Number of protein chains: 2
Amino acid sequence: MLRLSKKADYGLIAVRHLAEQPKHTACSAKEIARAYGIPTELLAKILQKLAKGGLLVSQHGTNGGYTLAKPAREISAFEVIRAIEGPLFITSCVTDKRECSQMTRCTVREPLQKVNETLVKALSAVTISSLSDSSGALVQIEGGAL
Amino acid sequence: MLRLSKKADYGLIAVRHLAEQPKHTACSAKEIARAYGIPTELLAKILQKLAKGGLLVSQHGTNGGYTLAKPAREISAFEVIRAIEGPLFITSCVTDKRECSQMTRCTVREPLQKVNETLVKALSAVTISSLSDSSGALVQIEGGAL
DNA sequence: AAATATCCGACAACTTCAGTCGGATATATA
DNA sequence: TATATATCCGACTGAAGTTGTCGGATATTT
């Protein structure tokens with residue numbers, strides 16, 4: 001079905017939420033989870049991955065939580081998804097290790113990798129700020145160009 | 001990880017194989033499966049779906065099998081994938097039924113659906129004939145890496 | 001010291017995917 | 001007509017991934 005995982009969805013929602021906060025105001029995992037009805041412990045682990053991936057900055061202790069590590073305009077949906085789900089490949093064969101030893105004449109792969117590149121570009125063009133702003137105007141322009 | 005299923009891969013390989021056959025020459029599921037090391041029964045079911053989806057024409061009996069229902073240039077990778085995996089949605093929420101009742105303020109969906117449209121266009125632009133044509137030389141280079 | 005919150009691994013329930021099996025129907029050939 | 005071939009179809013199993021939970025360790029503020 002080629003769909004994005006819920007974790008990625010949750011991550012995008014959370015990052016967008018952080019982008020709408022007044023600057024230097026941290027949000028805890030619990031706070032965001034409750035706001036959107038996401039399981040707290042699950043979102044906590046997602047935010048940890050985003051922090052580990054350098055997209056968020058974490059702060060321990062009372063009134064701690066997460067803040068964006070960069071301006072919202074410099075964070076793309078692709079970065080968020082990759083930090084949560086790992087490298088993004090549309091083909092089922094090529095992951096990290098060698099597979100596909102069975103089908104020597106598989107010419108399907110190369111054209112699909114170009115589709116993969118197109119997808120990465122499309123996801124990279126969607127910034128977190130574009131999710132918050134009007135969620136329409138900017139993206140419609142870029143959507144037409146792709 | 002947002003990857004295509006093996007079934008879709010198998011389907012693309014099989015359709016491309018059929019596209020390379022001399023006209024009006026049918027190939028059986030068993031024949032194709034053995035040529036690429038794909039489990040016979042599995043490929044059989046995939047080809048049945050493609051036939052049901054109107055992309056292939058099936059022929060019972062001895063020397064029967066499958067042939068393309070249309071010229072290879074008029075069959076896209078998107079059609080093959082959709083016939084096998086069903087409708088293609090990148091977002092995890094929107095499928096056929098209404099979900100996402102929890103998050104009312106979810107502005108993530110709309111920009112991602114445009115990414116989805118981009119992906120569909122990219123997959124639609126990849127025709128089966130394009131899998132056969134240019135790939136020969138190029139893929140043998142990459143074939144060593146597989 | 002206490003409350004808060006990130007961090008981390010292990011685990012269970014659930015769903016999907018990949019592959020298998022048995023059997024029914026249809027067709028060409030001898 | 002008999003036989004071999006091949007599509008067709010549903011049900012089933014095992015593997016793998018997804019989703020969510022739990023317990024506990026560490027860090028920080030009050």
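**Helices, a hairpin and two DNA strands**

On one side of helix H2 of chain A, two residues, Arg34(A) and Ala35(A), are exposed, and that side lies away from the buried one. Before I go on: this is a predicted model, and everything I say is computed from it.

Let me stay with that helix. Which residues of H2(A), residues 29-36, are buried? They are Ala29(A), Ile32(A), Ala33(A) and Tyr36(A). Looking down the axis of H2(A), these buried residues fall within an arc of 100°, so they line one face of the helix. As for what covers them, H1 and H3 of chain A are included. Just after the helix ends, Gly37(A) takes a positive phi of about 70°.

Next, a residue in helix H1 of chain A, namely Leu12(A). Is Leu12(A) buried or exposed? The relative accessibility of Leu12(A) is 1%, and the cut-off for buried is under 20%, so Leu12(A) counts as buried. Leaving aside residues up to four places away in sequence, Leu12(A) touches Ala77(A), Val80(A), Ile81(A) and Ile128(A), and also Val108(B) and Leu112(B) from chain B. Leu12(A) can also be set beside Ser76(A): the two are 64 residues apart in sequence, with their C-alpha atoms 9.6 Å apart in space.

Now the strands of chain A. E1(A) and E2(A) run antiparallel and are joined by 4 bridges. As one position to look for in the viewer, Ser58(A) stands opposite Tyr66(A) of E2(A). The two strands form a hairpin, with 5 residues between them. In that turn, Gly61(A) has a positive phi of about 80°.

Asn63(A) is also in the loop between these strands, E1 being 56-59 and E2 being 65-68. The phi of Asn63(A) is near 60°, a positive value, and the residue is not a glycine. As background, most residues other than glycine have a negative phi. Why does Asn63(A) count as exposed? Because its relative accessible area is 74%, and exposed means over 50%.

In chain B, Asn63(B) lies in the loop between E1 (56-59) and E2 (65-68) of that chain. Asn63(B) has a positive phi of about 60° although it is not a glycine. At a relative accessibility of 74%, Asn63(B) counts as exposed.

That brings me to the DNA. I will take strand C, then strand D.

There are 24 residues around DNA strand C, and Ala29(A), Lys45(A), Gln48(A), Ser58(A) and Lys6(B) come nearest. Of the atoms of DNA strand C that come within 4 Å of the protein, 69% belong to sugar and phosphate. Ala29(A) has come up already, as one of the buried residues of H2(A), and Ser58(A) as the partner opposite Tyr66(A).

Which elements supply at least two residues each of the surface near DNA strand C? From chain A they are H3, E1 and E2, and from chain B they are helix H1 (6-19) and H3. By residue kind, that surface divides into 5 nonpolar, 14 polar and 5 charged.

Some distances at strand C, with residues of chain B. A polar backbone atom of Lys6(B) is 2.8 Å from a phosphate oxygen of DNA strand C. A side-chain N or O atom of Gln59(B) is 3.5 Å from a phosphate oxygen of the strand. For His60(B), a side-chain N or O atom is 3.4 Å from a sugar or linking oxygen of DNA strand C.

Around DNA strand D there are 26 residues, with Lys6(A), Ala29(B), Lys45(B), Gln48(B) and Ser58(B) coming nearest. Sugar and phosphate make up 70% of the atoms of DNA strand D that come within 4 Å of the protein.

The elements that each supply at least two residues of the surface near DNA strand D are helix H1 (6-19) and helix H3 (40-52) of chain A, plus helix H3 (40-52), E1 and E2 of chain B. The residues of this surface divide into 6 nonpolar, 14 polar and 6 charged.

And which parts of DNA strand D take part in contacts? A phosphate oxygen of DNA strand D lies 3.4 Å from a polar side-chain atom of Tyr10(A). A base oxygen of the strand is 3.5 Å from a side-chain N or O atom of Thr62(A). From chain B, a backbone N or O atom of Gly61(B) lies 3.3 Å from a sugar or linking oxygen of DNA strand D.

That is what I have for today.

Notes:
Residues are numbered from 1 along each chain as its sequence is written. Chains are lettered from A and ligands numbered from 1 in the order in which they are written. Side-chain values use heavy atoms; hydrogens and water are left out. Buried means under 20% relative accessible area, exposed over 50%, partly exposed in between (1.4 Å probe, protein chains only). Two strands pair if DSSP finds at least two bridges between them. A residue is near a molecule or strand if one of its heavy atoms lies within 4 Å of it. A polar contact is a pair of N or O atoms within 3.5 Å; within protein, one must be able to donate a hydrogen and the other to accept it, and residues adjacent in sequence count only if both atoms are side-chain atoms. Ala, Val, Leu, Ile, Met, Phe, Trp, Tyr, Cys and Pro count as nonpolar, Asp, Glu, Lys and Arg as charged, and the others, Gly among them, as polar. The arc is that of the directions from the helix axis to the C-beta atoms. Contact means heavy atoms within 4.5 Å.
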